[in-house]
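Student: I should like a close look at a single part of this protein, namely its salt bridges. Please take me through the pairs one by one and place each of them in the fold.

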Amino acid sequence: MTAAAAVRRVTATRYVTPLREGGSLPAIVEADDDGLYVLKFRGAGQGRKALIAELVVGELARAAGLPVPEIVLIDLDADLARTEPDPEIQDLIRASGWLNLALDYLPGAVTFDPLAFDVDADLAAGILWLDALTGNVDRTVRNTNLMIWHGRLWMIDHGAALTFHHDWARHLAADVPRGFGRICDHVLLRPGAPRIAARDAELAQSLSPAVHPR
């Protein structure tokens, strides 16, 4: 395997609209490459470690051949706060000046509903496998963090993965269980579980030490 491609860096030029579905109040912004992105603010309540998890797990998913919108580093000028009437958004922009993270915006995408959409078993197994590996606690029926865009399934929002890096001392303690019991709540458990064993070697090889996000 070759190393992952370098993550592009762009500059936000216009704040378009907030996305109030998420607790961190992400936003759609326009960048200097004329693209629209979902910006995840460094100054949001979840903090920088959520953005680290978003980048690392998103790029691991891409290396494993799983569908994730492009992730970019995005510079945000705190002066953009002056054009926003909402004081909460003003504070968030000011607290997030300089470098942040963003995902390519998928216009017209709809939230995945397991009752309305069928998922390929191999794809479901890949997503299930990666979420178990990275400890992603946030892909349940209540909040799937999966979108359907142009008839294809896309993975979003990995800030709740890699929970161990919020408390390394506890994670390294000998009495902490190493399993991931929360996987039983995964929205793709039923279609994906029967195919995990068959895909394990392939997926593990795709994440060899030669693969890493930069």
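Tutor: What follows describes the setting first and then the individual pairs. The model is predicted. The protein contains 5 helices and 8 strands, and along the sequence these elements follow the order β-β-β-α-β-α-β-β-α-β-β-α-α. Of its 214 residues, 43% are buried. The exposed surface amounts to about 11200 Å², of which carbon and sulfur atoms supply 55%. Among contacts between residues at least 6 apart in sequence, 69% join residues at least 24 apart.

Side chains of opposite charge can pair when their charged atoms come close. A search of the whole structure finds 11 salt bridges. One of them joins the side chains of Lys 40 and Asp 157, with an N to O distance of 2.6 Å. This pair links distant parts of the chain, the two residues being 117 apart. Lys 40 belongs to strand 3 (residues 36-40), while Asp 157 sits in the loop between strand 8 (152-155) and helix 4 (168-172). Lys 40 counts as buried because its relative accessibility is 9%, under the 20% cut-off. Asp 157, with a relative accessible area of 27%, is partly exposed.

A second pair is formed by Glu 59 and Arg 62, whose closest N and O atoms are 3.1 Å apart. Here both partners lie in helix 1 (residues 48-63), separated by 3 residues, or about one turn of the helix. Glu 59 has a relative accessibility of 7% and therefore counts as buried. Arg 62 is partly exposed, at 31%.

A third pair brings together the side chains of Arg 195 and Asp 122, at 2.7 Å from N to O. This salt bridge again links distant parts of the chain: Arg 195 is in helix 5 (residues 189-206) and Asp 122 is in helix 3 (residues 121-134), 73 residues apart. Both partners count as partly exposed, Arg 195 at 33% relative accessibility and Asp 122 at 29%. Elsewhere, salt bridges with shared partners connect Arg 8, Asp 33 and Glu 70 into one network.

Taken together, the pairs described include a link from strand 3 to the loop between strand 8 and helix 4, a pairing inside helix 1, and a link between helix 5 and helix 3.

How values were computed:
Residues are numbered from 1 along each chain as its sequence is written. This is a predicted model: local features need pLDDT of at least 70, side-chain atom pairs count only at pLDDT 80 or more; totals for chains, interfaces and linings use all residues. Side-chain values use heavy atoms; hydrogens and water are left out. Helices (H or I, at least four residues) and strands (E, at least two) are DSSP runs, numbered from the N terminus. Buried means under 20% relative accessible area, exposed over 50%, partly exposed in between (1.4 Å probe, protein chains only). Contact means heavy atoms within 4.5 Å. Accessible areas come from the Shrake-Rupley method with a 1.4 Å probe; for residues, only the protein chains shown count as cover. A salt bridge is a side-chain nitrogen of Lys or Arg within 4 Å of a carboxyl oxygen of Asp or Glu.
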